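Please load the model in a viewer with a cartoon representation and keep the selection panel open. The tour below proceeds selection by selection.

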Amino acid sequence: MDITVNGQQRTVATTTSLADLLAAMNLNPQRVAVEHNGTILSQADFATTTLGDGDKLEIVSFVGGG
């Protein structure tokens, strides 16, 4: 199925969770904020959120600096 991540099309398996997607993208779930179809999700929701065809995600990574 096809989803959109940060404006780019991506194909994922039908049983892919948000946590699975973050792992596949090598993103640390504790260092990102995710908007799923217009709703900002808590980190607790990452493992239980199953992606669907046509979903739109915006993923923002936190960057530290000094």
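Select the five strands together: in this predicted model, they form an open sheet with the order β2-β1-β5-β3-β4 and mixed pairing. At the edges stand β2 (8-11) and β4, each with a single partner strand, so one side of each has no neighbour in the sheet. On average, and with direction ignored, neighbouring strands of this sheet are turned by 30° against each other.

**First selection: residues 2-5 and 8-11**

Strand β1 comprises residues 2-5 and is joined to β2 by four bridges, the two running antiparallel. Display Thr4, whose bridge partner in β2 is Gln9. Which residue of β5 is the bridge partner of Thr4? That partner is Lys56. Between β1 and β5 the pairing is parallel, over two bridges.

**Second selection: residues 32-36 and 56-61**

Next, highlight strand β3 (residues 32-36) with strand β5 (residues 56-61); five bridges join them, and they run antiparallel. Two pairs may be labelled here. Val32 has Ser61 as its bridge partner in β5, and Val34 stands opposite Ile59 of that strand.

Now show the side chains of β3. Which residues make up its covered face? They are Val32, Val34 and His36, whereas Ala33 and Glu35 form the uncovered face. Val34, opposite Ile59 in β5, thus belongs to the covered face of β3.

**Third selection: residues 32-41**

Extend the selection to strand β4 (residues 39-41), which is antiparallel to β3 and joined to it by three bridges. Glu35, on the uncovered face of β3, stands opposite Ile40 in β4. The two strands form a hairpin with two residues between them. Centre the view on Asn37 in the turn, where phi is positive, at about 50°.

**Final selection: the whole chain**

Return to the full protein chain, which contains one helix and five strands. Along the sequence, these elements follow the pattern β-β-α-β-β-β. The radius of gyration is 11 Å, close to the 11 Å that the globule rule gives for 66 residues, so the chain is as compact as a globular protein of that length. Orient the C-alpha trace along its principal axes to view a span of about 40 × 25 × 20 Å.

Colouring by accessibility completes the tour. Of the 66 residues, 29% count as buried. The chain exposes about 4200 Å², of which carbon and sulfur atoms supply 49%. Among contacts between residues at least 6 apart in sequence, 58% join residues at least 24 apart.

Technical notes
Residues are numbered from 1 along each chain as its sequence is written. This is a predicted model: local features need pLDDT of at least 70, side-chain atom pairs count only at pLDDT 80 or more; totals for chains, interfaces and linings use all residues. Side-chain values use heavy atoms; hydrogens and water are left out. Buried means under 20% relative accessible area, exposed over 50%, partly exposed in between (1.4 Å probe, protein chains only). Two strands pair if DSSP finds at least two bridges between them. Axes are lines fitted to C-alpha atoms, for helices over the stretch in contact, and angles run from 0 to 180 degrees between N-to-C directions. The radius of gyration is taken over C-alpha atoms; the globule rule is 2.2 Å times the number of residues to the power 0.38. Contact means heavy atoms within 4.5 Å. Accessible areas come from the Shrake-Rupley method with a 1.4 Å probe; for residues, only the protein chains shown count as cover.
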